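Here are a few exercises to work through with the model open in your viewer. Try each one before you peek at the solution.

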Amino acid sequence: SFFTTDPTGSFFGDPGGIRSAIVGSMLMMLLGGLLAIPVGIAVALYVTEYADRNAFGRFMRFLMNVMTGVPSIVFGLFIYITLVLTGVGGGFAGWKGSIAIALLMLPIVERSVEVALKQVPSAYSEAAYALGAPRWQVLLKVVLPAALPGIITGALLAIARGMGETAPLLFTATIANDMSFDLSQQMNSLLAQIFSDVGQAQDALVERAWGAALTLVAIIMMLNLGARWLARRSIAGQNA
């Protein structure tokens, strides 16, 4: 089994497969999403609804565009220098990898949410204002729910991007063979497992790398298919 070396093939059996990589990837992506998605939504709301034409709004858009084009290794090096080398919270740790991934996700979430917000018909908010609703209530109860499919699509695409990055995790969370749910410790990931195993001389380790690659491709494919389905549903709902 690619997932474990337990004779019965149990996922929760003896370590040795890619179980620790799957668990580590999921935990770091979850924390990265919890950090990046709310911030991305807040930035998109501010830029779209409050600072659409002022200098600070243009600066925020410029910053998001720049972050979109920054190579992932730069984010990894930034966290490595500021958090790992300085010893903040210890050495290599899963939560530091999550921060690096969150920096990758943030511009994708922000741009996707901004596009989704702009596609919400202005008649929705105008009707809410006509009924006397305050601006914060219009945003939270009218605009955001109407843009929800686009927001979810952006979040899924950002997570898929984070799942496909190796360098940030090698610089921040490194590689650990033991399965751990403790994000304050070194943590394995699918990409780090592939990087570690693919050049080994033992056939079993190379097979493990291929198993990790197949699992990663399957996860990313499911995320992208989910994003495409939600995007089509959003377009169909707007045309109805």
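**Exercise 1. Work out what share of the chain's contacts between residues at least 6 apart in sequence join residues at least 24 apart, then describe the fold's make-up.**

Solution. Start with the contacts: of those between residues at least 6 apart in sequence, 70% link residues at least 24 apart. Keep in mind that this is a predicted model. Next, go through the secondary structure: there are 10 helices and zero strands, so the pattern along the sequence reads α-α-α-α-α-α-α-α-α-α. Finally, check burial: 43% of the chain's 240 residues are buried.

**Exercise 2. Find how α5 and α6 are oriented relative to each other.**

Solution. Step one, get the geometry. The axes of α5 (residues 122-130) and α6 (residues 135-146) come within 10 Å, crossing at roughly 150°. Step two, apply the cut-off: angles over 145 degrees count as roughly antiparallel, and α5 and α6 are therefore roughly antiparallel to each other. Step three, add the handedness: α5 passes α6 in a right-handed crossing. Step four, list who touches whom. From α5 come Tyr 124, Ser 125, Ala 128 and Tyr 129, while α6 brings Arg 135, Val 138, Val 142, Val 143 and Ala 146. Sorted by class, that contact has seven nonpolar residues, one polar and one charged.

**Exercise 3. Do the same for α1 and α7.**

Solution. Here, too, the axes come within 10 Å, and the crossing angle is roughly 135°. That makes α1 oblique to α7. The crossing is right-handed. On the α1 side, Ser 25, Met 29, Ile 37 and Ile 41 meet Ile 151, Ala 155, Ile 159, Gly 162 and Met 163 of α7. By class, this contact has seven nonpolar and two polar residues, with no charged ones.

**Exercise 4. Which members of the largest nonpolar core touch the most other members, and which helices each supply at least two of its residues?**

Solution. First, the general idea: in soluble globular proteins, nonpolar side chains tend to be buried together. Now look at this core, which has 49 residues; Ile 41, Val 113, Leu 117, Met 163 and Leu 190 touch the most other members. Then trace the suppliers: α1 (19-50), α2 (55-69), α4 (94-118), α6, α7 (148-163), α9 (190-197) and α10 (203-239) each give at least two residues. The largest share, 10 residues, comes from α4.

To finish, zoom in on Leu 117. Leaving out residues up to four places away in sequence, Leu 117 touches Ala 44, Leu 45, Thr 48, Val 143, Leu 144 and Ala 147.

Methods
Residues numbered from 1 in each chain as written. Predicted model: local features only at pLDDT ≥ 70, side-chain atom pairs only at ≥ 80, totals over all residues. Heavy atoms only, no water. Axes fitted to C-alpha atoms, helices over the stretch in contact; angles between N-to-C directions. Helix = DSSP H or I, 4+ residues; strand = E, 2+ residues; numbered from the N terminus. Parallel < 35°, antiparallel > 145°, perpendicular 65-115°, else oblique. Left-handed = near helix turned anticlockwise from the far one by under 90°. Contact = heavy atoms within 4.5 Å. Nonpolar A, V, L, I, M, F, W, Y, C, P; charged D, E, K, R; others polar. Core = buried A, V, L, I, M, F, W, Y, C linked by side-chain atoms within 4.5 Å. Buried < 20%, exposed > 50% of the residue type's maximum accessible area, 1.4 Å probe, protein only.
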